[in-house]
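Visitor: Could you take me through one part of this model at close range, starting from a single residue and then moving outward to its wider setting? I would welcome a connected account rather than a list.

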Amino acid sequence: MSVRVARAARAWARSVSGRHGSSNWPRPPPAAVDVAALLREATAADGGSRDAEAAAGRREPGQCSVLLFPGQGSQVVGMGRGLLRYPRVRELYDAARRVLGYDLLELSLRGPQEALDRTVHCQPAVFVASLAAVEKLHHLQPAVIENCVAAAGFSVGEFAALVFAGAMEFSEGLYAVKIRAEAMQEASEAVPSGMLSVLGQRQSKFAFACLEAQEHCRTRGIENPVCEVSNYLFPDCRVISGHLEALQFLQKNSSKYHFRRTKMLPVSGGFHTSLMEPAVEPLARVLKAIDVKKPLVSVHSNVDGNKYTHARHIQKLLVRQLVSPVKWEQTMHAIYERKKGTAFPQTFEVGPGKQLGTILKSCNLQAWRSYSHVEVLEADEDPEQPL
């Protein structure tokens, strides 16, 4: 038996057996989302998972691919409709129903939008839709999966990226997302808070603005006010999270800090700040129960933009991510930095929306020219045609 066949057989056996017999969460059906098995096969054919990066280096850069997984805020009623014709997608949603205890597919397809927008629902919905989009991509362009050299996910999208890369199994990843979403929802309901998107300019004073907004809150009797940069999106564009009073102050005084445009985001809390501290322990507890493995392709952390080098770092940084800013701009630079004249990989945004493509265009125009989006809304394309 060849190394490649043996690795694939072991991956299939792990998928069927579940490996973690003491786990309390339901397991997906054996055929569901074992894209990781395909990655294991491709890695084995190149000489073993330990040498995956060297194997990627032997490919022409333009033949490689990068997968980007969106986060909360990309959800929209109807997502998933364009995926149901592809193999195993319905099985994914059946598995999700068992993990979550409700019909996620029905909610995703028919809403209402207000229910889908709730943190407890939209995080699992985006997670599953993104991995279902991977199934579509695998069906239409299997070489994209085989030649994938890096993945990254925005906030909750990082969990989908890690499941895709084989670092954790689908049901375990979804269960962790469920606990995370519930804990974040509860933390956000404890304090009137939110997130403010800010398009600035070179002279914008983000840190100074946050300090003055905190001081304003103190004059209004708010103890320990929070106002922090929570997302680094692209040059001169940030998301600031914290107490609503602080964000309203920034909107009223935007010209003072050289902000070109501000907009409140449709989320329920001040995510990726210390306001999410109550959610840390529940997530840490569930992640500790998961046998996290080293990803089969490079997955970059939101916390610092660097790729994970050891499985134990994943659990630690996923917890820290809750109370740390998402360094997406830094992640884009880490993935796409290359010598002048070197071709860029194909980039695929897998999941609802095209926000990550828009951000990529502002971070690296040359990389964006090789960007595609895997549609999840309507099943109107010929399944045998390229994306």
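Guide: Let us begin with alanine 183, which is buried, because its relative accessible area is 10% and buried here means under 20%. The model in which this value was computed is a predicted one. Alanine 183 belongs to helix H10, which covers residues 170-190, and, when residues up to four places away in sequence are left aside, alanine 183 touches Ala279 and Pro282. A further relation across the chain links alanine 183 with glutamate 277: 94 residues separate the two in sequence, while their C-alpha atoms are 9.6 Å apart in space.

From here we can turn to the loop between strand E6 (261-264) and helix H13 (280-288), which is where histidine 272 has its place. Histidine 272 is not a glycine, and yet its phi is positive, at about 60°; with a relative accessible area of 3%, histidine 272 is buried. Arginine 88, in the loop between E1 and helix H4 (89-100), likewise has a positive phi, near 75°, in a residue other than glycine, but arginine 88 counts as partly exposed, at 26% relative accessibility. Another backbone feature is the cis peptide bond that joins glycine 111 and proline 112, with omega about 15°; proline 112 lies in the loop between helix H5 (104-110) and helix H6 (113-116).

The wider setting includes an open sheet of five strands, in the order E7-E2-E1-E9-E10, with parallel pairing. Strand E7 (298-300) and strand E10 (371-374) stand at its edges, and each has a single partner strand, so one side of each is left without a neighbour in the sheet. From one strand to the next, the twist averages 20°. Within this sheet, strand E1 (residues 65-69) pairs with strand E9 (residues 346-350) in the parallel sense over four bridges, and threonine 347 in E9 is the bridge partner of valine 66.

Helices lie across these strands as well. Helix H9 (residues 157-164) lies across E1, strand E2 (148-153) and E7, and runs at about 155° to E2, whereas helix H16 (residues 355-363) lies across E1, E9 and E10, and runs at about 145° to E9.

Methods:
Residues numbered from 1 in each chain as written. Predicted model: local features only at pLDDT ≥ 70, side-chain atom pairs only at ≥ 80, totals over all residues. Heavy atoms only, no water. Helix = DSSP H or I, 4+ residues; strand = E, 2+ residues; numbered from the N terminus. Buried < 20%, exposed > 50% of the residue type's maximum accessible area, 1.4 Å probe, protein only. Contact = heavy atoms within 4.5 Å. Pairing = 2+ DSSP bridges. Axes fitted to C-alpha atoms, helices over the stretch in contact; angles between N-to-C directions.
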